Amino acid sequence: MPQKKPQAAPVRKPFLTGSPYDCNSLRSAAMILLMLVLAAIVYLVAATVLMIDITVVRIALNAVMLIVTWELFSASGRSNGAVAVNQGEIMYRRQERGDTVTPRDRSMCFHPLKGFVIGLLGSLPLFLIAAVLALTTSRQITTAGALPAWMSSMAVDPEFSSALSAYVVGQSIGVTDILRVLIRMELLPWVNLIGSENSGALLIMERLSPLLVLIPGLCYGWGYTRGVNERSRVHTSIAAGNRRRARKEAKARKARAASTPKQLN
């Protein structure tokens, strides 16, 4: 059997550690919030497919949608984490040269908690909405349907009005109902996983919605911590490329030396 080539040792370069919050954190948090809003819009656009009647297919599609969403947030965190590590490497080299490193530049370097701070700040508006919903929600029950047209005249008859009052009294839309719509848009894959007919489980989901809306932001924070490994892979790839180039140059020199005729004494 062919032997596997030994894996090259990962290359890491020293870098300065920044602070959990810097001047760009609020802007990055706004991008997280925008990504959450875009995710809700995508869920609505794909609602017809995600609400398919076949249970197994519906569960699979919505589970994949959640995983893809979390991976996108994680990938964004990894990218920004690698940028922050690069900033730390630049500041480290500047410090080693004896140049001044300002507190602002230092704060923008990588910090393992910065991604979680950004992710939680970006999720904060939805978290607050979900928290209010969790405190005010109640189990949704099936209400009476519309009164048939041929029975409308009976609703005003004193003999039947009390019995038919449930069909003619309109239900007002409260603050909780509006908040429920907003949060269910954001958690639509969870709603589809549970099923609209399972009112008890949906109530539990709404109680837990403050935690559920934080998951994408936490995925961003976890991805951000992987920025060190992402940057290490870049350095390792560059080092491997340099070694390959050095071997090619060495072979080329040997080939030129072998082709040069030796002088006769």
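User: What makes the space of about 250 Å³ a pocket, as opposed to a cavity?

Analyst: The largest pocket holds about 250 Å³. On a 1 Å grid over the protein atoms alone, a pocket is an open set with protein on both sides within 12 Å along at least five of seven lines, whereas a cavity is a set of points where a 1.4 Å probe fits but cannot get out. The volume is the space filled by probe spheres set on the points, with points joined across faces, edges and corners. One caution: this is a predicted model, where local features need pLDDT of at least 70 and side-chain atom pairs count only at pLDDT 80 or more, while totals for chains, interfaces and linings use all residues. Residues are numbered from 1 along each chain as its sequence is written, and side-chain values use heavy atoms, with hydrogens and water left out.

User: Which residues line the largest pocket nearest its centre, and what classes do the lining residues fall into?

Analyst: Lining residues have an atom within 4 Å of a point. There are 14 for this pocket, with Asp22, Asn24, Ser28, Asn80 and Val83 nearest the centre. They split into 6 nonpolar, 5 polar and 3 charged, where Ala, Val, Leu, Ile, Met, Phe, Trp, Tyr, Cys and Pro count as nonpolar, Asp, Glu, Lys and Arg as charged, and the others, Gly among them, as polar. α3 gives the most, with 4 residues.

User: Why is α3 called a helix, and how does its span compare with the one expected?

Analyst: Helices are DSSP runs (H or I, at least four residues), numbered from the N terminus. α3 has 42 residues, so it clears that minimum. The expected span is 1.5 Å times one less than the number of residues, and α3 reaches 61 Å from first C-alpha to last, close to the 62 Å expected.

User: How do α3 and α10 cross, and what handedness does the crossing have?

Analyst: Their axes come within 6 Å and cross at roughly 35°. Axes are lines fitted to C-alpha atoms, for helices over the stretch in contact, and angles run from 0 to 180 degrees between N-to-C directions. The crossing is right-handed, the term for a near helix turned clockwise from the far one by less than a right angle. Contact means heavy atoms within 4.5 Å; among the residues making it are Trp70 and Phe73 of α3 and Tyr220 and Trp222 of α10.

User: How many cavities of 30 Å³ or more does the search find?

Analyst: It finds 1. The largest cavity holds about 100 Å³, and its lining has 12 nonpolar, 1 polar and 1 charged residues.

Notes:
Helices (H or I, at least four residues) and strands (E, at least two) are DSSP runs, numbered from the N terminus.
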